[in-house]
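Here are a few exercises to work through with the model open in your viewer. Try each one yourself before reading the solution.

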Amino acid sequence: MRALCWVGADQLAVREVPDPELRNERDIIVRVRRSATCGADLPLLAGRDPLLRSGDVLGAEFLGEVVETGPGVRRHRSGDRVVVGAGVACGGCWYCRAGLHACCDNGSTEPASVDDGWGRSDAGCFGRPRAAGGFAGGHAEYVRVPYADVTAVRVPDVVGDDRALFAADAAPTGWLAAELGAVRPGDVVAVWGAGAVGQLAARAATLRGCARVVVVDRHEERLRMAERHTGAEPLNYRRTDVSAELRDHSGGRGPDVCVVAVGEPPARSVVDRFGARVGDRPDALREAVYACRKGGTVVVLGGTDGFVDAFPLGAVTDKRLTVRGARRPDLRDVPMLLDRMARDELRTEHLATHRLPLEEAPRGYALFRDRADGCVRAVFSP
Ligand SMILES: NC(=O)c1ccc[n+]([C@@H]2O[C@H](COP(=O)([O-])OP(=O)(O)OC[C@H]3O[C@@H](n4cnc5c(N)ncnc54)[C@H](O)[C@@H]3O)[C@@H](O)[C@H]2O)c1
Ligand SMILES: [Zn+2]
């Protein structure tokens with residue numbers, strides 16, 4: 001079959017790779033109909049993951065049709081249209097039973113690769129072949145989906161592919177941010193990053209009844225999209241004093257909940273010192289901690305690989321902040337989000353700004369990486 005492979009730093013190629021096969025009784029094989037780029041792919045693309053190997057198949061967000069099922073699969077049959085959650089989770093371990101699929105103890109086939117770094121590994125993930133379990137990704141004609149009754153969810157007929165696709169990762173991640181922030185009716189919420197994840201975090205906050213949601217970015221077209229589709233108030237950090245504006249939007253206190261959904265790693269203190277030379281990007285995490293009202297919550301979704309220098313821990317204690325993090329969403333929210341999509345409460349198809357055949361995926365990734373031509377998500381069809 002054809003698949004998009006990482007072949008070296010900033011080099012991708014569509015290649016012939018072996019067809020996947022059922023390996024365990026709870027596996028299914030899915031014929032991919034759509035797959036999407038994600039901000040989390042960019043560090044991989046740049047070659048910043050030492051566990052990535054030439055030939056690894058990328059793609060964490062995809063949707064397709066079941067073509068084969070293992071004998072232990074109960075919920076799916078051939079022909080079902082399914083969205084496949086980005087995380088691979090067993091459904092039976094202590095964490096899965098607690099609803100924390102992203103922390104599954106059995107999702108990664110190579111837990112030791114991450115245990116050493118963070119204390120314990122998280123679940124597996126498609127398209128992160130070695131660091132997260134060895135699962136080939138969805139930028140391919142076919143994918144093997146393990147623990148299919150847990151990992152794959154049937155899509156209601158009324159929800160089209162371009163909408164349902166984002167129920168795999170971007171929508172549940174956005175939802176998780178609002179949930180971890182415990183967004184309540186009347187809250188003021190600020191989201192750093194107007195990519196698909198930030199926009200869907202903003203939408204989730206409005207669905208939970210927040211009074212205002214502000215989205216911070218530098219890309220005008222992304223900010224306009226967030227404004228048009230989520231009702232968010234846009235703030236361009238290149239043109240405004242973000243902290244002052246946010247205080248202005250929240251009775252002088254600062255937002256109740258701040259979500260960090262930026263795509264770049266945080267600036268290190270040494271980078272800050274030489275900031276003028278490496279670009280004028282403020283550190284979103286630090287800005288969120290400073291801007292958040294006393295007693296508020298900061299939710300960190302991205303831009304945090306590795307260690308963070310110059311983190312204002314004093315502000316966390318002095319202001320009684322709650323800081324919560326998540327690397328990937330939990331599968332439990334996917335059916336609920338598909339229902340909301342079916343009811344037209346949650347629309348996501350506008351995020352698919354570029355639709356391309358799989359053969360053109362390297363070009364799609366270049367557009368996405370450079371945020372060229374207004375690209376928010378490139379979506380591929382094999
Ligand atoms: N935790 C999870 O479950 C999960 C799942 C998927 C993605 N992610 C992460 O979420 C983040 C966002 O994903 P995406 O696909 O929307 O990424 P993206 O790259 O499409 O968008 C990121 C946006 O952040 C903006 N940005 C960068 N620095 C900023 C700053 N200092 N202030 C304000 N905005 C800034 C960029 O301009 C860009 O528009 C990524 O880091 C990704 O790894 C997390
Ligand atoms: Zn589990």
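**Exercise 1.** Work out how many aromatic pairs this predicted model has, and classify the one formed by Phe-62 and Phe-126.

*Solution.* Start with the count: with ring centres required to lie within 6.5 Å, you get four aromatic pairs. Now take Phe-62 and Phe-126: the ring centres sit 5.2 Å apart and the planes meet at 90°. Angles over 60 degrees count as edge-to-face, so this pair is edge-to-face. Next, place the two residues on the chain. Phe-62 belongs to strand 5 (residues 61–69), while Phe-126 is in the loop between strand 8 (124–125) and strand 9 (142–145). They are 64 residues apart, so the pair ties together distant parts of the chain.

**Exercise 2.** Find out which rings make up the cluster around Phe-126, and decide whether Phe-126 is buried or exposed.

*Solution.* Accessibility comes first. The cut-off for buried is under 20% relative accessible area; Phe-126 has 0%, so it is buried. Phe-62 is buried too, at 0%. Then look for another partner: Phe-126 also pairs with Phe-135, with 6.1 Å between centres and 55° between planes, which makes that pair tilted. Phe-135 comes out at 5%, so it counts as buried. Put the pairs together and you have a cluster of Phe-62, Phe-126 and Phe-135.

**Exercise 3.** Check the span of helix 7 (residues 196–207) against expectation, then see how covered the helix is.

*Solution.* Helix 7 has 12 residues, and its first and last C-alpha are 16 Å apart, close to the 16 Å expected at 1.5 Å a residue. On to burial: nine of the 12 residues are buried, leaving helix 7 mostly covered. Among the buried ones are Val-197, Gln-199 and Leu-200. What do the buried residues of helix 7 pack against? Their neighbours are helix 6 (170–180), strand 11 (188–192), strand 12 (212–217), helix 8 (220–230) and strand 14 (257–260). Finally, look past the end of the helix: Gly-209 follows, with a positive phi near 95°.

**Exercise 4.** Give the strand order of the open sheet made of three strands, and name its edges.

*Solution.* The order reads 2-1-4, with antiparallel pairing. Strand 2 (11–16) and strand 4 (56–57) each pair on one side only, making them the edge strands. Strand 1 (residues 2–8) and strand 4 are joined by two bridges; Cys-5 has Val-57 of strand 4 as its bridge partner. To finish, add helix 15 (residues 361–370), which lies across strand 1 and strand 2 and runs at about 155° to strand 2.

Terms used: Residues are numbered from 1 along each chain as its sequence is written. Chains are lettered from A and ligands numbered from 1 in the order in which they are written. This is a predicted model: local features need pLDDT of at least 70, side-chain atom pairs count only at pLDDT 80 or more; totals for chains, interfaces and linings use all residues. Side-chain values use heavy atoms; hydrogens and water are left out. Rings of Phe, Tyr and Trp (its six-membered ring) pair if their centres lie within 6.5 Å; planes under 30 degrees apart count as stacked, over 60 as edge-to-face and the rest as tilted. Helices (H or I, at least four residues) and strands (E, at least two) are DSSP runs, numbered from the N terminus. Buried means under 20% relative accessible area, exposed over 50%, partly exposed in between (1.4 Å probe, protein chains only). The expected span of a helix is 1.5 Å times one less than its number of residues. Contact means heavy atoms within 4.5 Å. Two strands pair if DSSP finds at least two bridges between them. Axes are lines fitted to C-alpha atoms, for helices over the stretch in contact, and angles run from 0 to 180 degrees between N-to-C directions.
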